[in-house]
Amino acid sequence: MPFARLATATTPTCHIGLGLAAVGRPGYINLGREEDLPADRGVTALRDRTHELLDAAYAQGVRYFDAARSYGRSEEFLAAWLKKNPGIDDVVIGSKWGYTYTAGWSADAETHEVKDHSLATYERQRAETDDLLGDRLDLYQIHSVTPDSPALTDKDLHARLAEAAAQGLTIGFSTSGPAQADAIRAALAVTVDGEPLFRTVQSTYNALETSAGPALAEAHDAGLTVIVKEGMANGRLAAPHAPDALKAVAEETSLGCDAVALALILRRPWAGVVLSGAATTVQLASNLHAAVVDLDDDHLERLAALVEEPGAYWERRGQLPWH
C-alpha cells in the first residue's frame, strides 16, 4: 500500500492531501471561484497556479496529491511538476478514471464531463494516464461509483483491475450521491479469486453530509485507506458562506472556518487522508491549520447540529453552477 509511506511521516499535515479538481480546469462548481482564480484561466495560468500550490503543499508537509482524467489537465500539470522535481520520491500520487472531460477548456460548456464505467473507458483512460504519470502513479480509482454502477458487477473489468493490482498499482474507488454508504458496502464485497479488489475508498464527508460515516468506518476496519473529499462542501463551509455555528466555533478557536471544518473530519478515527481543494496558497495555508485545531465537546455538539438530510444536501450540490 503506497499510503504506508504516510505512516512514518512526522509532519502534522501528512494526512491532509491536495486535490486538483479546482485548478486543473477553468470551470468547477466551488463557490467563490471568481475571487480565487485569475481572470486569465488559460492553460499556462492554471498550470502555474497548480505548480505554485504543489510547491507550497509539499513544503508544508502534504504528501498525497489527487487528480483525475476529468479534472481538465490536472494529470498533465501534476506530471510536469513531478518531472521538475525528480528528487521528490516520498509522495503518493492518485488519479481516477470513469469520467471524460468534455468542456474543451471552457467554463461555459453545456456539458463538462461524461461518466462511463465500462471496460473500454478504463482501457482508454488508463493508457492516457500512463502516458502522463507512468510509474509515478500509485493509486487509480473508479470515479464516483454509485450503487447502480456497472463497475460493481463487471467481472471482466474486475479482472483487468486485478491484473493492474498484481503489477503494483493500488486500486480504489470514489463515491458520490445520497447512497454513498450503499455503494461503499457493495464495493467492499467485490472480490477477484477470493481476494478483495479495492484497497482505498474516497468519499464525500463533511459537517453537512455525514451519511457515509458508518460505511467508511467499516471500510477502514476492512483494511482500506479512507480518503475524504469535499470536506468544505464545495465552498459552503468556507467564509463568507459558512453557517453561523461554524463561524462562531472558528472565532472561538481563532482559526478559519475551513480549518475547523477539516479538523472535524480529521478527528474521525477512520479518516486516513482528508483532501484540501484549495485554489490559492492562502487557502491552502489556512486549510493546513486543521491539523492543530482543538475542538472540545461543546464545539462538536454545536457542529453536529449542521448535518443535513443526504437527499437535500445532494440536491443542493447538484444545483451549484459551474463557474
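Here is a short chat between a visitor and a guide about a predicted model.

Visitor: What makes a feature count in this model?
Guide: The model is predicted, so to speak with a filter: local features need pLDDT of at least 70, side-chain atom pairs count only at pLDDT 80 or more, and totals for chains, interfaces and linings use all residues. Residues are numbered from 1 along each chain as its sequence is written, and side-chain values use heavy atoms, with hydrogens and water left out.

Visitor: What makes the eight strands a barrel, and in which order do they close?
Guide: The order is β1-β2-β3-β6-β7-β10-β11-β12, with parallel pairing. Strands here are DSSP runs of E with at least two residues, helices are runs of H or I with at least four, and both are numbered from the N terminus. On average, neighbouring strands of this sheet are turned by 25° against each other, direction ignored.

Visitor: How do you know that β11 and β12 pair?
Guide: Two strands pair if DSSP finds at least two bridges between them. Strand β11 (residues 225-229) and strand β12 (residues 273-276) run parallel and are joined by two bridges, so the pair meets that definition. Ile227 stands opposite Val273 in β12.

Visitor: Which strands does helix α6 touch?
Guide: Helix α6 (residues 155-166) packs on the sheet and touches β3 (92-97), β6 (139-145) and β7 (170-175). Its direction makes about 130° with that of β7. In β6 you can also find Ser144, which has a positive phi of about 60° although it is not a glycine.

Visitor: Why are α9 and α12 called roughly antiparallel?
Guide: Angles run from 0 to 180 degrees between N-to-C directions, and axes are lines fitted to C-alpha atoms, for helices over the stretch in contact. Under 35 degrees counts as roughly parallel, over 145 as roughly antiparallel, 65 to 115 as roughly perpendicular, and the rest as oblique. Helix α9 (residues 244-253) and helix α12 (residues 297-304) pack at about 160°, with axes 9 Å apart, so α9 and α12 are roughly antiparallel to each other.

Visitor: Which residues meet where α9 packs on α12?
Guide: From α9 come Ala245, Leu246, Ala248, Val249, Glu252 and Thr253, and from α12 come His299, Arg302 and Leu303. Contact means heavy atoms within 4.5 Å. By class, this contact has five nonpolar, two polar and two charged residues.

Visitor: And why is α4 called roughly parallel to α5?
Guide: The axes of helix α4 (residues 74-84) and helix α5 (residues 119-133) come within 8 Å and cross at roughly 25°. That is why α4 counts as roughly parallel to α5. Glu75, Glu76, Leu78, Ala79 and Leu82 in α4 meet Thr129, Leu132 and Leu133 in α5.

Visitor: What makes Glu52 and Arg49 a salt bridge?
Guide: A salt bridge needs a side-chain nitrogen of Lys or Arg within 4 Å of a carboxyl oxygen of Asp or Glu. The closest N and O atoms of Glu52 and Arg49 are 3.7 Å apart, so the pair fits the definition. Both lie in helix α3 (residues 43-59), three residues apart, about one turn of the helix. The structure holds 16 salt bridges.

Visitor: What does Val43 touch?
Guide: Val43, in helix α3, touches Arg73, Phe77 and Trp105, not counting residues up to four places away in sequence.

Visitor: Which peptide bond is cis?
Guide: The bond from Ala239 to Pro240 is cis, with omega near 10°. Pro240 lies in the loop between β11 and α9.

Notes. Ala, Val, Leu, Ile, Met, Phe, Trp, Tyr, Cys and Pro count as nonpolar, Asp, Glu, Lys and Arg as charged, and the others, Gly among them, as polar.
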